[in-house]
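Reader: I am new to reading protein models. Could you take me through this one, question by question?

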Number of protein chains: 2
Amino acid sequence: MLAYHEQIPEVTLALVREAARRIAPIARRTPVMTSAGFDAEAGVRAAFKCENFQRGGAFKVRGASNLVFSIPKADLARGVIAFSSGNHAQGTALAARFVGTKATIVMPADAPRSKLEATRGMGAAVVTYNRATENREEIADRLLRESGATMVPPFDHPLIIAGQGTTALELLEETPDLDALIAPVGGGGLLSGCATAAKGVNPKIRVFGAEPELANDTYLSFRAGRIVTIPSQDTIADGLRSPHPGELTFSIVQRLVEDIILVSEDEIKAAMKYLLARLKILVEPSGAAAAAAVLFRKLPAGIGSVGVVISGGNVDLEALAEYL
Amino acid sequence: MLAYHEQIPEVTLALVREAARRIAPIARRTPVMTSAGFDAEAGVRAAFKCENFQRGGAFKVRGASNLVFSIPKADLARGVIAFSSGNHAQGTALAARFVGTKATIVMPADAPRSKLEATRGMGAAVVTYNRATENREEIADRLLRESGATMVPPFDHPLIIAGQGTTALELLEETPDLDALIAPVGGGGLLSGCATAAKGVNPKIRVFGAEPELANDTYLSFRAGRIVTIPSQDTIADGLRSPHPGELTFSIVQRLVEDIILVSEDEIKAAMKYLLARLKILVEPSGAAAAAAVLFRKLPAGIGSVGVVISGGNVDLEALAEYL
């Protein structure tokens, strides 16, 4: 998977800055929003980095394009492959289309039709498999063998992590004087990248992850001091359902993150509604996890200002109607 | 009503520029958003001026604060009064609170509880009246007589119009090369102000109004060449339900606007959903009227780029759930 790098690069601020230059042609510099009402409710000044306005509706295009744009030309011509029924699928599809190569996205056959269509709409070939009867890894092996394509992993890769870290880099360029930063954590690509960027720019900043109670794999791992795997869970934050953090992402989280804060399903829904009703922005459940932690005053004392990563806004309007 | 001005000022670009300076301390410079997906769907490049992100959730604070900040100190101390169950109530309340004077907002007793509470939450005193048994004008006369307060009219006043026009001024500063501009039209304050600003900056720009089919008073007036009054209507675009345009606003619309474009209830809802699902922004029905006209390709031929005023985002989540 790393064959196209002579060495595995270390995840540093320099790697994040390099990513920022590399992905500038495709990634949008998303706005930073504030809300006096939210601040009063939360008891802290919040600066929201709105990746729901990112191309593809989530931060995922940052990491995917940083990796895809780094693949040597000869390899790139054979295409890229990703496994995802979520935002990583669209991020990879957009990055591949941008450089004119083929993206093959492997999705469970029972993924929402809207996701299948959105991914095809971005020019990707979608291969579906039956979750009950087929093995994901076998499909991956076969596709990679047959095509010679390059795998774009969802989070546990230095270039993916560095790409996601550009989110925090932009936020701190616009709002330098933050006491803390909080981002949602699934596999940990966004959180570890943002922690690397933020601590690199300002070693004093305090970094937190926000994770659903129902998918608390990073929380448990963080407390155990080793990677813990949990059974699959049904949180509405479908982007944060990873059964365990990545090896690389977790080692960075252990080193740079102060704590993982848990949020309930109700708190996530309440934060989504608050962001919609008051900030007028649509945020998907996963994207609202960090805002939920802040809104429900779960940050430790002594924090006057916090950067909050709103990681995505891809939610079906039917699902939204149910939440409301 | 105009006693605090020695003369009624003419509505010019200079008056709009003066308004921009006056309201800078309170009004937010809202972002301009674009969407490649929308452009493909609409067949035109659209630049959305997002007044749903404005303080109070709509453009109304621009005009209200421009007027309130112009009231002589001695008069200002006796407070301000507005009639509104909508965004003008909140705009006036915010402007009054900003200068430390009392706002009295007169609303029908059957207005949504959320609107009453939001307005009180902004520090205003809310006076309710029974639409069936009480006369609005009598209440106004009594309140003005008793308090010596100044009335803040919703649209038909040079300072209100100039304040709303700052919306287009900002849009054209950010996106100067627009072929056209379109704004929703209710009483006509926003449209006439934006037309004044836009034509003042770029005399070649083509200006359009967007109005619900169910509240087509400006459309009918525009075609008749005189103010036409229509019976009260039930459009979901509750901010655009005025029975007739204002005298001053209509004279400006006649002079500067090329056409009034009608949109159906279904088109408004579809535009709301599109803006929510694709741009991830919450827009109220009134606020989506101009976007609906563009999305459904109702602009005349020969327009490559258009500025679209998204005028507000105040919609109850219960109502939103119904639209979805």
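Author: Here are short questions and answers on the domains, a sheet, some helix pairs and the two chains of this predicted model.

Reader: Which domains does the assignment give for chain A, and how many Å separate their centres?

Author: The assignment gives domain 1 as 13-58 + 157-323 and domain 2 as 61-151 in chain A. The centres are taken over C-alpha atoms. Between domain 1 and domain 2 of chain A, they are separated by 24 Å.

Reader: Which helix supplies the largest share of the side of domain 1 of chain A that touches domain 2 of chain A?

Author: In this contact, 25 residues of domain 1 of chain A meet 17 residues of domain 2 of chain A. On the domain 1 side, helix 1 (13-23) and helix 8 (158-174) of chain A each supply at least two residues. The largest share there is eight residues, and it comes from helix 8 of chain A.

Reader: How many residues of each class are on that side of domain 1 of chain A?

Author: The classes are nonpolar, polar and charged. For the side of domain 1 of chain A that touches domain 2 of chain A, the counts are nine nonpolar, twelve polar and four charged.

Reader: Which strands of the open sheet in chain A stand at the edges?

Author: The sheet has four strands in the order 5-4-3-6, with parallel pairing. An edge strand here has a single partner strand, so one side of it is left without a neighbour in the sheet. In chain A these are strand 5 (125-129) and strand 6 (150-151).

Reader: Which residue of strand 5 of chain A does A:Ile105 stand opposite?

Author: Strand 4 (residues 103-108) of chain A runs parallel to strand 5 of chain A, and five bridges join them. Opposite A:Ile105, in strand 5 of chain A, stands A:Val126.

Reader: At about what angle does helix 7 of chain A run to strand 3 of chain A?

Author: Helix 5 (residues 87-99) of chain A lies across strand 3 (80-83) and strand 4, at about 165° to strand 4 of chain A. Helix 7 (residues 136-147) of chain A lies across strand 3, strand 4, strand 5 and strand 6. Its angle to strand 3 of chain A is about 175°.

Reader: How are helix 1 and helix 3 of chain A placed, parallel or perpendicular?

Author: Their axes come within 9 Å and cross at roughly 90°. Among the residues that meet are A:Arg22 of helix 1 and A:Ser65 of helix 3. An angle of 65 to 115 degrees counts as roughly perpendicular. Helix 1 and helix 3 of chain A are therefore roughly perpendicular.

Reader: In chain B, how many charged residues are in the contact of helix 1 with helix 8?

Author: The axes of helix 1 (residues 13-23) and helix 8 (residues 158-174) of chain B come within 8 Å and cross at roughly 85°. The residues that meet include B:Leu15 in helix 1 and B:Leu169 in helix 8. The contact has eight nonpolar residues and three polar ones; as for charged residues, there are no such residues.

Reader: What kind of axis relates chain A and chain B?

Author: Chain A can be laid on chain B with an RMSD of 0.0 Å. That takes a turn of 180° and a shift of 0.0 Å along the axis. The two copies are thus related as by a two-fold rotation axis.

Reader: Which helices of chain A each supply at least two residues of the side that touches chain B?

Author: The contact takes 15 residues from chain A and 15 residues from chain B. 100% of the interface residues of chain A are also interface residues in chain B, so the copies meet through the same surface. On the chain A side, ten residues are nonpolar, three polar and two charged. The helices that each supply at least two residues are helix 12 (265-277) and helix 14 (317-323) of chain A.

Note on methods
Residues numbered from 1 in each chain as written. Chains lettered and ligands numbered in written order. Predicted model: local features only at pLDDT ≥ 70, side-chain atom pairs only at ≥ 80, totals over all residues. Domains from an automatic or database assignment. Contact = placed C-beta atoms within 7 Å. Nonpolar A, V, L, I, M, F, W, Y, C, P; charged D, E, K, R; others polar. Pairing = 2+ DSSP bridges. Axes fitted to C-alpha atoms, helices over the stretch in contact; angles between N-to-C directions. Least-squares fit on C-alpha atoms with pLDDT ≥ 70 in both. Parallel < 35°, antiparallel > 145°, perpendicular 65-115°, else oblique.
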